[in-house]
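Visitor: I am new to this structure and would like a close look at a single part of it. Please show me the model before we begin.

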Amino acid sequence: MLMTTNEPISAGGLDEGEAAALYRLMTWLSPAFPVGGFSYSSGIEWAVEAGDIVDTATLADWLDAMLGDGSGFCDATFLVHAYRAAEADEKAALNDIAELAAAFVPSRERQLETSSQGRAFIDIARAAWDADGLDAMVAACRTPMVYPVAVGVVAAQHGVPLAPTLHAFLHALVSNWISAASRLVPLGQTDSQRVLVRLEAAVAATANRALNATLDDLGSATFRADLASLRHETQYTRLFRS
């Protein structure tokens with residue numbers, strides 16, 4: 001028998017709000033959520049062709065740097081500040097964060113990646129997972145929301161707690177990077193999981209740093225990864241859009 005929305009929900013120790021938050025995070029940050037993440041490699045395609053990534057060890061090292069010293073930390077910090085601005089209904093602050101996040105992207109293809117995913121995330125959320133105040137938050141941003149800002153705003157408007165949102169976002173980000181690499185190196189499914197295991201502590205550390213970071217703490221030192229995203233634009237044969 002189907003359970004209706006009027007019936008009490010039992011989820012093995014989760015209360016109704018926690019169960020709803022978990023359900024939404026698992027949906028929004030699943031590979032099945034149609035934001036097109038499978039189309040992008042964040043420069044990993046060029047890194048494989050250049051010989052920087054050749055196996056699980058070099059992939060794990062590359063992604064660890066991207067997480068802690070590159071786009072992973074920056075995106076996580078933008079998500080945190082966008083979430084808090086939306087939660088506090090600070091529309092002017094949210095617009096400033098959205099503008100800074102869009103300006104922080106180092107290459108044209110990475111701009112396409114994060115802006116396209118952000119636009120798709122907002123469009124689908126408004127169509128299927130709308131929330132009171134979401135339209136006003138979107139309208140307050142003169143710059144289209146990039147992906148981490150979009151996730152932060154939608155999660156805040158739904159009352160999904162920040163910490164699990166951030167961890168789920170970083171897990172999805174890393175999983176997408178590994179998925180791209182598994183097709184490019186290539187790697188088997190077990191090796192892909194080994195890389196994910198190796199990055200567990202890095203994901204947690206990056207999330208904790210971002211939760212306590214100010215916008216002044218933003219910065220990237222992953223020069224090779226930034227060059228990879230630039231050089232991918234002229235790569236002769238490509239599977240991915242970035």
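Visitor: At what angle do helix α4 and helix α8 pack, and how far apart are their axes?

Guide: In this predicted model, helix α4, which covers residues 71-87, packs with helix α8, residues 147-157, at an angle of about 35°, and their axes are 7 Å apart. Seen as a crossing, α4 passes α8 in the right-handed sense. On the α4 side the contact is made by D75, F78, L79, A82, Y83, A86 and E87, while α8 brings P148, V149, V151, G152, V153, A155, A156 and Q157. Sorted by class, this contact of α4 with α8 has eleven nonpolar, two polar and two charged residues.

One residue of α8 deserves a longer look, namely V149. Leaving aside residues up to four places away in sequence, V149 touches F78 and A82, and also L94, I97, A98 and A101. V149 is also, together with L63, one of the residues with the most contacts inside the largest nonpolar core, which has 75 residues. The largest share of that core, twelve residues, comes from helix α9, residues 162-184.

Another helix pair can be set beside this one. The axes of helix α3 (residues 56-69) and helix α11 (residues 200-211) come within 9 Å and cross at roughly 10°, and because angles under 35 degrees count as roughly parallel, α3 and α11 are therefore roughly parallel to each other. In this pair α3 passes α11 in a left-handed crossing, with D64, L67 and G68 of α3 meeting A202, V203, T206 and R209 of α11. By class, their contact has three nonpolar, two polar and two charged residues.

Terms used:
Residues numbered from 1 in each chain as written. Predicted model: local features only at pLDDT ≥ 70, side-chain atom pairs only at ≥ 80, totals over all residues. Heavy atoms only, no water. Core = buried A, V, L, I, M, F, W, Y, C linked by side-chain atoms within 4.5 Å. Buried < 20%, exposed > 50% of the residue type's maximum accessible area, 1.4 Å probe, protein only. Helix = DSSP H or I, 4+ residues; strand = E, 2+ residues; numbered from the N terminus. Contact = heavy atoms within 4.5 Å. Axes fitted to C-alpha atoms, helices over the stretch in contact; angles between N-to-C directions. Parallel < 35°, antiparallel > 145°, perpendicular 65-115°, else oblique. Left-handed = near helix turned anticlockwise from the far one by under 90°. Nonpolar A, V, L, I, M, F, W, Y, C, P; charged D, E, K, R; others polar.
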